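Here are some exercises to work through with the model open beside you. Try each task before you read its solution.

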Amino acid sequence: MKLKQRVVLLAILLVIFIFTKVFLIDNLDTSAANREDQRAFHRMMASLRVELDPRLDHTMQSPWEIAAQWVVPREVYPEETPELGAVMHAMSTKKIIKADVGYKGTQLKALLILEGGQKVVFKPKRYARDYVVEGEPYAGYDRHNAEVAAFHLDRILGFRRAPLVVGRFVNLRTEIKPVATEQLLGTFMTVGNSTCFYGKCYYCRETEPACADGDIMEGSVTLWLPDVWPLQKHRHPWGRTYREGKLARWEYDESYCDAVKKTSPYDSGPRLLDIIDTAIFDYLIGNADRHHYESFQDDEGASMLILLDNAKSFGNPALDERSILAPLYQCCIIRVSTWNRLNYLKNGVLKSALKTALSHDPISPVLSDSHLDALDQRLLSILATVKQCTDQFGSDVVLVEDRMTLSHL
């Protein structure tokens with residue numbers, strides 16, 4: 001065979017090899033990832049119901065030790081958690097050995113220490129389930145049931161970035177007051193036949209206490225993250241100004257995302273995609289109040305954006321605050337795994353899944369039907385927004401493959 005023919009043959013073989021690599025092998029890899037996404041979705045759906053059962057037959061560890069070992073830089077709890085029911089049962093029933101005012105913030109909460117030394121944050125009931133919070137999308141008191149619902153939505157979306165939350169009933173007279181600090185005890189009062197307290201916070205007022213039904217108060221308890229994982233607070237790049245007549249830059253600058261992409265930690269690593277995930281999460285629950293966010297300290301942008309403080313959610317089912325989605329429609333990128341999960345949840349699956357997940361909580365029903373219906377409608381808006389992006393830029397640009405290996409060793 002002549003040299004020229006050999007060169008031509010080698011060139012043809014090289015083209016065939018490149019074609020195989022790009023169009024066949026890469027597609028196989030993508031298909032494998034998509035199949036794993038589908039398997040993960042089915043595993044999640046099979047474990048939606050969390051029976052609050054105290055038994056931990058296979059281990060000598062306490063529920064608190066188990067939950068502490070779950071935490072890693074990219075998730076608060078693992079995908080498969082057979083002990084989840086036992087941990088949540090402990091959160092909702094363990095004896096309260098100390099009660100104090102909540103950590104600093106704008107909203108009323110109490111810091112409880114449960115038997116075994118575990119800290120939890122207690123948020124009291126302020127509204128009936130069907131109450132509609134009017135006004136700005138961040139208006140009103142914190143909603144304790146929103147914290148419960150947001151945690152289970154985090155499970156359903158497969159993010160696993162929200163600390164554990166469960167509903168709980170407490171007797172303020174017999175469970176809280178005997179173990180309360182003087183600072184917390186000084187905020188207790190009686191209104192009619194009900195025991196009330198107003199706590200210590202930026203917006204806490206003696207004239208606006210949270211009141212029990214007699215002595216029994218409904219609320220939520222959020223599991224405190226282990227102290228070995230200190231948190232670092234960041235200003236959200238799409239945060240609001242909260243000042244009438246003054247817009248944040250993202251509200252008027254259509255190229256704002258380009259500027260964000262040039263600043264740390266959004267110029268590399270997973271953080272910007274975490275912001276996109278969080279925008280989707282917040283839009284679904286109606287949370288327009290994420291002005292700051294937390295990650296683990298000294299992470300250099302590698303750890304997750306932790307979904308803390310979700311109580312300004314589920315206030316008005318008729319209000320779809322599209323501006324919450326600004327990171328998505330301005331950046332026009334989304335994780336492939338997130339996109340797959342959203343598509344699995346359409347056609348009423350999301351509403352049904354969340355309703356099932358919430359059915360065993362002690363304060364069930366956690367959400368009204370109108371809020372559950374709103375989730376499915378908002379999901380359609382998210383899917384339409386991504387389609388607009390892919391129509392404009394192409395799916396190869398918009399759908400980003402970003403699967404980070406997680407370790408629980």
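**Exercise 1: Burial and packing**

Of the 409 residues in the protein chain, 50% are buried (under 20% relative accessible area with a 1.4 Å probe, protein chains only). This is a predicted model, where local features need pLDDT of at least 70 and side-chain atom pairs pLDDT 80 or more, while totals for chains, interfaces and linings use all residues. Residues are numbered from 1 along each chain as its sequence is written, and side-chain values use heavy atoms, without hydrogens and water.

Task: Why does the radius of gyration of the protein chain agree with that of a compact globule?

Solution:
1. The rule for a globule is 2.2 Å times the number of residues to the power 0.38, with the radius taken over C-alpha atoms.
2. For 409 residues this gives a value near 22 Å, and the protein chain has 24 Å, which agrees.
3. Along its principal axes, the C-alpha trace spans about 100 × 60 × 40 Å.

**Exercise 2: The largest pocket**

Task: Describe the volume and lining of the largest pocket.

Solution:
1. Its volume is about 1,300 Å³ (space filled by probe spheres set on the grid points, which are joined across faces, edges and corners). A pocket is an open set of points on a 1 Å grid where a 1.4 Å probe fits, with protein on both sides within 12 Å along at least five of seven lines; lining residues have an atom within 4 Å of a point.
2. Among the 44 lining residues, Tyr 103, Lys 104, Lys 233, Glu 294 and Asp 309 are the closest to its centre.
3. Strand 9 contributes the most to the lining, 4 residues (strands are DSSP runs of E, at least two residues, numbered from the N terminus).
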